[in-house]
Amino acid sequence: MTPEPENRETLTITDNRNGKSYEVPIENGTIKAPDLRKIKTGPEDFGIMTYDPAYMNTASCKSTITFIDGDKGILEYRGYPIAELAEKTSFLETAWLILNGELPTKEQYKAWVDEITVHTMVHENITSVLQSFRYDAHPMAMLASSVAALSTFYPEAKQVHDPEVRRMQIVRLIAKTPTLAAFAYRHSIGFPFAYPDNDLSFAGNFLQMMYRTAEPKYTPNPILEKALDVLFILHADHEQNCSTSAMRAVGSSEVDPYCAASAAVSALYGPLHGGANEAVLRMLKGIGSKDHVPAFVKDVKESGGDVKLMGFGHRVYKNYDPRAKILKQMADQVFGVTGRNPLLDIALELERIALEDDYFIKRKLYPNVDFYSGLIYQAMKFPVDMFPVLFAIGRMAGWLAQWNEMIQDKDQKIARPRQVYLGYRDRSFVPFDRRG
Ligand code: ACO
């Protein structure tokens, strides 16, 4: 007869190499990896480690910022559902929530907006940094470099254990990232930089810095301004994704947040992460017309993983990405102003066919946030190269909240994973004349 379970929050592990048993505590559904180190066959044995490339099943921190249930398609910031935040708040209100844990009061919100607004300007020397790039430099690489360059203007940012210093750099990074992003774009088209306009909203000012030409006052279209603000909200945080993990890992060395954020921007640049919406557009253009969709889907399925349906699939979501749902609805409002993006028909057909196809159903591959964001950005006249940059503007709030949480977390130390070493050992040196 099987013995009755004892209801203890522990896990008993039996080492079949020697029959010894060990009991390790379970806390929040996890066991502590260092607890496994006591499982050894002798004093020389290092002890058991877990092997988890890409951190598929390893929690690297405790966090109270963002909740995701990937199977149910739920995303919440500080407990508030993403759809409600997208509908009822502004990006800066959501950024405050993410950073501080609660929605701001009216007074807090006003002070926060004022503070961000007066910090949008960058030191004039930063413009020389940007101007030194080649005319065709990718704006995401320019953003990564110029965010790191901010570190040289604020040497006090190194004092990462001082809460007021941290707060100040958070304000600067959120305020200045759109300015750097727009300047990178203006450089790439050979236009003079358009300086911030403090009369405009966060999103409106960004559109102004991007698109103002000779007019003395730029007035953003309110529908596009709102849409961009929603896009920033949808991208504001997504718990321990690749770029956030980069922010935390680099920040764990106690480098200043500008250098850590530059690493996060670099991580986001990759085509499997923030570069995916750029890849979606290239893919849709490559498909060319609705009629070619079935052949493309066939190629994806027969490629053995080499050809991906970009904008589909997610490490965490095994259901429709809730952000993609909001964007699909928002697309109509934006296209009402800009005219319909002809690639939308190809995207809708791709989605229709993929969602009915066994290959995608079996692997739980659904549209992610990047599937529709690129179409909206393109309709708003953002060049494809700017897509990951727009993502970075919103995500800066999340990176900083996660960094701030990490710095104050007593469990955290400098990030330093282990490895399973499988190479040679203890070899004798071979001089050139005896090497094969
Ligand atoms: N198209 C076709 N097949 C796919 C796709 C896709 N987009 N994504 C995953 N698969 C397949 C894989 O080939 C694999 O098949 P197999 O079991 O036959 O080998 C299976 O689905 C599981 O995929 P993994 O690669 O193990 O999933 P993982 O969690 O490692 O990858 C990722 C997630 C990187 C997002 C992946 O789905 C992908 O490359 N998608 C396309 C790029 C993209 O849209 N990225 C944006 C992500 S959202 C964001 O960063 C904001």
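This is a short tour of the structure, stop by stop, with something to select at each one.

**Before you start**

You are looking at a predicted model, in which local features need pLDDT of at least 70 and side-chain atom pairs count only at pLDDT 80 or more, while totals for chains, interfaces and linings use all residues. Residues are numbered from 1 along each chain as its sequence is written, and side-chain values use heavy atoms, with hydrogens and water left out.

**Stop 1: the domains**

Colour the protein chain in three parts: domain 1 (1-51), domain 2 (72-273 + 388-408) and domain 3 (276-379). These bounds come from an automatic or database domain assignment. The centres of domain 1 and domain 3, taken over C-alpha atoms, are 44 Å apart.

**Stop 2: the hairpin of strands 1 and 2**

Helices (H or I, at least four residues) and strands (E, at least two) are DSSP runs, numbered from the N terminus. Select strand 1 (residues 10-15) together with strand 2 (20-25). Six bridges join strand 1 to strand 2, and the two run antiparallel; strands count as paired if DSSP finds at least two bridges between them. Look for aspartate 15, which faces lysine 20 in strand 2. Four residues lie between the strands of this hairpin, and glycine 19 has a positive phi near 75°.

**Stop 3: proline 43**

Now move to proline 43, in the loop between strand 2 and strand 3. Is proline 43 buried or exposed? Its relative accessibility is 80%, so proline 43 counts as exposed; the cut-offs are under 20% relative accessible area for buried, over 50% for exposed, and partly exposed in between (1.4 Å probe, protein chains only). Try a distance from proline 43 to glutamate 254: the two are 211 residues apart in sequence and 35 Å apart in space, C-alpha to C-alpha.

**Stop 4: the three-stranded sheet**

Next comes an open sheet of three strands in the order 3-4-5, with antiparallel pairing. Strand 3 (66-69) and strand 5 (80-81) are at the edges with a single partner strand each, so one side of each has no neighbour in the sheet. Strands of a sheet pair through backbone hydrogen bonds, either parallel or antiparallel.

- Strand 3 is joined to strand 4 by four bridges, and isoleucine 68 has leucine 75 in strand 4 as its bridge partner.
- Their hairpin has four residues between the strands, with glycine 73 in the turn at a positive phi of about 70°.
- Strand 4 (residues 74-77) is joined to strand 5 by two bridges, and tyrosine 77 stands opposite tyrosine 80 in strand 5.
- Two residues separate the strands in that second hairpin, where arginine 78 takes a positive phi near 50°.

Which residues make up the covered face of strand 4? They are Leu75 and Tyr77, whereas Ile74 and Glu76 form the uncovered face.

**Stop 5: helix 3 and threonine 177**

Select helix 3 (residues 106-118). Its buried residues are Trp112, Glu115, Ile116 and Thr117, and what covers them includes helix 2 (91-100), helix 6 and helix 7 (202-211).

Follow that lead to helix 6 (residues 163-188), which holds threonine 177. Threonine 177 is buried, with a relative accessible area of 2%. A polar atom of its side chain lies 2.5 Å from the backbone oxygen of leucine 173. Beyond its neighbours within four places in sequence, threonine 177 is in contact (heavy atoms within 4.5 Å) with Leu143, Arg172, Ile393 and Met396.

**Stop 6: helices 13 and 14**

Finish with helix 13 (residues 322-338), whose 17 residues should span 24 Å at 1.5 Å a residue, in agreement with the 24 Å between its end C-alpha atoms. The expected span is 1.5 Å times one less than the number of residues. Look at methionine 330, where helix 13 bends by about 30°; the bend is the angle between axes fitted to the seven residues ending there and the seven starting there. Among the buried residues of helix 13 are Ile326, Leu327, Met330 and Val334. The buried residues pack against strand 4, helix 1 (82-88), helix 8 (222-234), helix 14 (343-356), helix 16 (369-379) and helix 17 (387-408). Glycine 339 follows helix 13, with a positive phi near 90°.

Helix 14 is the last selection: its buried residues, including Leu343, Ile346 and Leu350, pack against helix 13 and helix 16, among others.

Notes: A polar contact is a pair of N or O atoms within 3.5 Å; within protein, one must be able to donate a hydrogen and the other to accept it, and residues adjacent in sequence count only if both atoms are side-chain atoms.
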